[in-house]
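Me: Hi! I have a structure open on my screen and would like to talk it through with you. Could we go piece by piece?

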Amino acid sequence: MSEKPILVWFRQDLRLSDNPALTAAVDSGAPVLPVYVLDDETPGRWAPGGASRWWLHHSLAALSERLERRGATLHLVRSKNAAETIRTLASEIGAGAVHWNRCYEPFAIARDKNLKQALKSDGIGTESFNASLLFEPWAVKTKSGTAPKVFSPYWRALRALGDPAEPLPAPEHIRGAMASTEGEKLEDWNLLPTKPDWASGFNKHWKPGEAHAQARLDWFLETALEDYKDGRNFPAKPYVSRLSPHLHFGEIGPRQIWHRTIAFCHAEDRNPFAGSAEHFLKELVWREFSYSLLYHNPDLPEACLRPEFEHFPWDRSDKALNAWQRGQTGIPIVDAGMRELWQTGYMHNRVRMICASFLIKHLMVDWREGEAWFWDTLLDADLANNSASWQWVAGSGADAAPYFRIFNPVLQGEKFDPDGDYTRRWVPELADVPDRCLQKPWEAPGDPAPDYPDPIVDLAAGRDRALAAYKNLGDAEPEKVAAWG
DNA sequence: TAGCTCGTTGGACAA
DNA sequence: TTTGTCCAACGAGCT
């Protein structure tokens, strides 16, 4: 048993259960110093956005309290170089080792790799673990040994590995170590917005923290899983898990969700790899797939995976983008989604696709503008998921929808919000528009929604314009061939 | 190897 | 009102 303390660096793993870095430190018998570093410099433009900071504040508060109850104090530091801060702290407390759970963002991989070297030269060992994925991104391979670029083969390859590891229980007691200097106060970090307090609506919808994440999963399994397969498409209905922010901050791990879901199905005598349960597990694997894409394509957040898409004739004026961001496009389902996002930090997945498709295809705005807005406003903003999903909708990713697959927001609204409950909840100006034309109020007789804007684009003309632009992409290439001939 | 099938989430139009 | 077919072409993945 070593008396040298172990520094456990918390990042996107803000939980005590199924936290292998923490458990290994506790099991060693050494005193443990848990640390969180707020570093907005290292991630560059991918530092946590406004909404994420709100969640981070509450999640750290919850983690801090849970650690305290078990005997350890979470040490908080602000820094412009997290790796350097960890290195200094480790030296100051005479650490025997530094533990962390791996992150997979390109800047995080580079940072951690360098830190490992630096600590080694200081004579301090490091141990890193996997807490945030079912399997490491390099472990899921096709039969020819390459990373799958299409979801279905990815799913088959992942399933061929069997079930992921069983989750670990939370340590019951932690022998806490103290830092040589006092930590900072969470309140001093100003992670919560004040003037104006645009997050005031968040409290009503969200409860960050490990305990609430577990409760949310229980609620989902008990009340929604059965109807998930079809129900998840209807944004007015409570058939989605809403676990995504908890997952992003690591308040719950995917292995915990995987095994709890399977155990729940077995207890109910149902097959977890059929019907609704399988669809839910597949969503978890979509997350893994996004991480794999990001791991193997580090510029996924910035560059089109299919380079010819860089020639797409994007509309660079701000007018369309601003209307979209504020939920003032005059297209009801789009405005409902964008306003839900602004007011709650979340948007239902079906509506995310509709809004993204509308921005990219009807308004022809660069998908990276939408990606940046989601990054700032989503509580669950996650680099891998966000960039992979935007590229998927744009058709610029490896596994892309055919270019002619353009969502018609009127038909989508009519199909997936048939009673208009979702649309009217977020766009109250439409209260008096009859159901028949709720999704196309410009056809309503007698102007029942005088405060609602006219559509920013004619949907049919917008569709044709996008189709023509996509078609031109394919025609642009042959010049190269001619040059060789 | 060469050939075959498939691609999370759709829409327009004809019958 | 519902159902079937077509909308490009290509790269991934498998055999």
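What follows is a chat about the domains, the sheet, the DNA surfaces and a few single residues.

Me: Before we start, what kind of model is this?
Reply: It is a predicted model, so please read everything below with that in mind.

Me: Okay. Which domains does chain A have?
Reply: The domain assignment gives domain 1 (6-131), domain 2 (133-165 + 210-296) and domain 3 (307-475). Note that domain 2 is written as two segments.

Me: How far apart are the centres of domain 1 and domain 2?
Reply: Taken over C-alpha atoms, those centres are separated by 26 Å.

Me: And how many residues does each give to the contact?
Reply: Domain 1 gives 15 residues and domain 2 gives 16 residues. On the domain 1 side, the residues that touch domain 2 divide into 7 nonpolar, 4 polar and 4 charged.

Me: Let's switch to the sheet. What is the strand order?
Reply: The order is β3-β2-β1-β4-β5, an open sheet of 5 strands with parallel pairing. The twist from one strand to the next averages 25°.

Me: Which strands stand at the edges?
Reply: β3 (75-78) and β5 (125-129) do. Each has a single partner strand, so one side of each is left without a neighbour in the sheet.

Me: Can you walk me across the pairings? How many bridges are there between β2 and β3?
Reply: Strand β2 (residues 32-38) pairs with β3 over 4 bridges, in the parallel sense. If you want a landmark there, V37 has V77 in β3 as its bridge partner.

Me: And what about β4, how does it pair?
Reply: On one side, β1 and β4 pair over 4 bridges in the parallel sense, and V8 stands opposite H99 in β4. β4 is also joined to β5 by 5 bridges, again running parallel. For that pair, look at A97, which stands opposite G125 in β5.

Me: Is β4 buried or exposed?
Reply: Buried: 5 of the 5 residues of β4 are, so the strand is largely enclosed by the rest of the structure.

Me: Which residues sit on which face?
Reply: A97, H99 and N101 are on one side, with V98 and W100 on the other, and both faces are covered. As a general point, side chains in a regular strand alternate between the two faces of the sheet.

Me: Which strands does helix α1 lie across?
Reply: Helix α1 (residues 20-27) lies across β1 (6-10), β2, β4 (97-101) and β5. Relative to β4, the helix runs at about 150°.

Me: New topic, the DNA. Which residues come closest to DNA strand B?
Reply: F151, S152, D399, N408 and L411 are the closest of the 17 residues that surround DNA strand B. The elements giving two or more residues to that surface are α5 (151-159), α11 (275-296) and α17 (409-416). By class, the surface near DNA strand B has 10 nonpolar, 3 polar and 4 charged residues.

Me: And which come nearest to DNA strand C?
Reply: There, T142, P148, K149, P153 and P402 come nearest, out of 14 residues around the strand. That surface has 7 nonpolar, 4 polar and 3 charged residues.

Me: Now some backbone oddities. Where is there a cis peptide bond?
Reply: Try the bond from K195 to P196, which is cis with omega near -5°. P196 sits in the loop between α5 and α6 (202-205).

Me: Which residues have a positive phi without being glycine?
Reply: D18 is one of them, with phi of about 45°, and M364 has phi near 55°.

Me: Where are those two, and are they buried or exposed?
Reply: D18 lies in the loop between β1 and α1, and counts as buried because it has 25 C-beta neighbours inside 10 Å. M364 is in the loop between α14 (349-362) and α15 (367-377). With 18 C-beta neighbours inside 10 Å, M364 counts as partly exposed.

Me: Last one. What is I93 in contact with?
Reply: Leaving aside neighbours within four places in sequence, I93 is in contact with P5, L7, L33, A177, A179 and S180. I93 is in the loop between α3 (82-92) and β4, and counts as buried with 20 C-beta neighbours inside 10 Å. The C-alpha atoms of I93 and T181 are separated by 9.6 Å, with their places 88 residues apart along the chain.

Technical notes: Residues numbered from 1 in each chain as written. Chains lettered and ligands numbered in written order. Predicted model: local features only at pLDDT ≥ 70, side-chain atom pairs only at ≥ 80, totals over all residues. Near = placed C-beta within 6 Å. Nonpolar A, V, L, I, M, F, W, Y, C, P; charged D, E, K, R; others polar. Domains from an automatic or database assignment. Contact = placed C-beta atoms within 7 Å. Pairing = 2+ DSSP bridges. Axes fitted to C-alpha atoms, helices over the stretch in contact; angles between N-to-C directions. Buried ≥ 20, exposed ≤ 12 C-beta atoms within 10 Å, placed from the backbone.
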